[in-house]
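Visitor: I'm new to this one. Can you walk me through what's here?
Guide: Sure, take a look and ask away.

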Amino acid sequence: MLSHRILQKILTMRLVSSFSPSSGFSSISACGDRLKQERVFSSSDVLEYSKVSLDSNPLHFDLECAQIAGFEDRLVPGMLVASLFPRIIASNFPGAVYVSQSLQFKSPVYIGEEIIGEVQATSIRAMKNKYLAKFKTKCFKHGDHLVIDGEATAILPTLAMERGKSII
């Protein structure tokens with residue numbers, strides 16, 4: 001019989017690897033299962049976000065202002081970076097309802113940096129014909145440098161994940 005740690009590692013490797021396109025489904029079925037996606041935020045992403053959110057903070061647009069404030073470069077808005085979490089969940093579980101999110105911003109994200117968003121199931125509970133899933137949510141840059149830490153809760157219509165999604 002496989003130990004819990006080995007089983008968790010196998011499930012994590014299965015979920016973190018890239019899926020090949022098919023019409024089949026995989027599933028998230030255990031606490032510890034992880035889903036990841038990467039993203040590089042551009043100046044145009046920040047501009048479009050500011051139009052929708054009305055966030056015109058000069059730290060996002062003015063290099064000199066950002067440097068005077070002690071940053072190396074212009075910042076990507078933290079909430080834009082955190083948008084990776086519902087994207088990861090909804091792109092793998094169409095019809096998921098995002099219920100809550102807590103966030104702690106640990107380190108700045110600069111335009112052009114590759115960010116890896118990760119959600120890890122910590123609790124899955126059946127409720128009628130749906131599932132209440134709680135996740136640890138993290139974003140990293142430079143491999144393992146934590147930039148956002150938090151928790152999320154979502155209602156999933158199923159534990160079956162669509163295959164063919166690009167997951168790291």
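Visitor: Where is Leu54 found?
Guide: Leu54 is in the loop between helix 2 (43-53) and helix 3 (63-68). Keep in mind that this is a predicted model.

Visitor: What is the sign of phi at Leu54?
Guide: Positive, about 65 degrees, although Leu54 is not a glycine.

Visitor: Is Leu54 buried or exposed, and why?
Guide: Leu54 counts as exposed because its relative accessibility is 72%, and the cut-off for exposed is over 50%.

Visitor: OK, zoom out. How many helices and strands does the protein have?
Guide: There are 5 helices and 7 strands. From the N terminus, the order is α-β-β-α-α-α-α-β-β-β-β-β.

Visitor: And what percentage of the residues count as buried?
Guide: The figure is 36% of the 168 residues.

Visitor: What share of the contacts links residues 24 or more positions apart?
Guide: Such pairs make up 68% of the contacts with a separation of 6 or more.

Visitor: Now the sheet. In what order do the strands sit?
Guide: The order is 2-4-5-6-3. These 5 strands form an open sheet with antiparallel pairing. Strand 2 (34-40) and strand 3 (97-105) are the edge strands, and each pairs on one side only. On average, neighbouring strands are turned by 20 degrees against each other, direction ignored.

Visitor: Start at the strand 2 edge. How many bridges join strand 2 and strand 4?
Guide: That antiparallel pair has 7 bridges. Within it, Leu35 stands opposite Val119 of strand 4.

Visitor: What does Val119 face in strand 5?
Guide: Val119 stands opposite Thr137 there. Strand 4 and strand 5 pair in the antiparallel sense over 12 bridges.

Visitor: How many residues lie between strand 4 and strand 5?
Guide: There are 2 residues between them, and the two strands form a hairpin. Lys128 sits in the turn, with a positive phi of about 55 degrees.

Visitor: Is Lys128 buried or exposed?
Guide: Lys128 is exposed, at a relative accessible area of 87%.

Visitor: What about the other edge, strand 3 and strand 6?
Guide: Strand 3 pairs with strand 6 (residues 145-156) over 8 bridges, again antiparallel. Phe105 stands opposite Ile148 in strand 6.

Visitor: Which strands does helix 5 lie across?
Guide: Helix 5 (residues 84-92) lies across strand 2, strand 3, strand 4 (114-127), strand 5 (130-141) and strand 6. The helix runs at about 125 degrees to strand 2.

Visitor: Switching topic. Where is Gly112?
Guide: Gly112 is in the loop between strand 3 and strand 4.

Visitor: What does Gly112 touch?
Guide: Leaving out residues up to four places away in sequence, Gly112 touches Val40 and Phe41. Its C-alpha atom is 9.8 Å from that of Arg74, and the two residues are 38 apart along the chain.

Visitor: Last topic, pockets. What is the volume of the largest pocket?
Guide: It is about 170 Å³. The lining has 14 residues, and the closest to the centre are Val76, Gly78, Ser107, Pro108 and Val109.

Visitor: Which elements give two or more residues to that lining?
Guide: Helix 4 (78-82) and strand 6 do.

Visitor: How does the lining break down by class?
Guide: It has 10 nonpolar, 3 polar and 1 charged residues.

Technical notes
Residues are numbered from 1 along each chain as its sequence is written. This is a predicted model: local features need pLDDT of at least 70, side-chain atom pairs count only at pLDDT 80 or more; totals for chains, interfaces and linings use all residues. Side-chain values use heavy atoms; hydrogens and water are left out. Two strands pair if DSSP finds at least two bridges between them. Helices (H or I, at least four residues) and strands (E, at least two) are DSSP runs, numbered from the N terminus. Axes are lines fitted to C-alpha atoms, for helices over the stretch in contact, and angles run from 0 to 180 degrees between N-to-C directions. Contact means heavy atoms within 4.5 Å. On a 1 Å grid over the protein atoms alone, a cavity is a set of points where a 1.4 Å probe fits but cannot get out, and a pocket is an open set with protein on both sides within 12 Å along at least five of seven lines; lining residues have an atom within 4 Å of a point. Grid points are joined across faces, edges and corners, and a volume is the space filled by probe spheres set on the points. Ala, Val, Leu, Ile, Met, Phe, Trp, Tyr, Cys and Pro count as nonpolar, Asp, Glu, Lys and Arg as charged, and the others, Gly among them, as polar. Buried means under 20% relative accessible area, exposed over 50%, partly exposed in between (1.4 Å probe, protein chains only).
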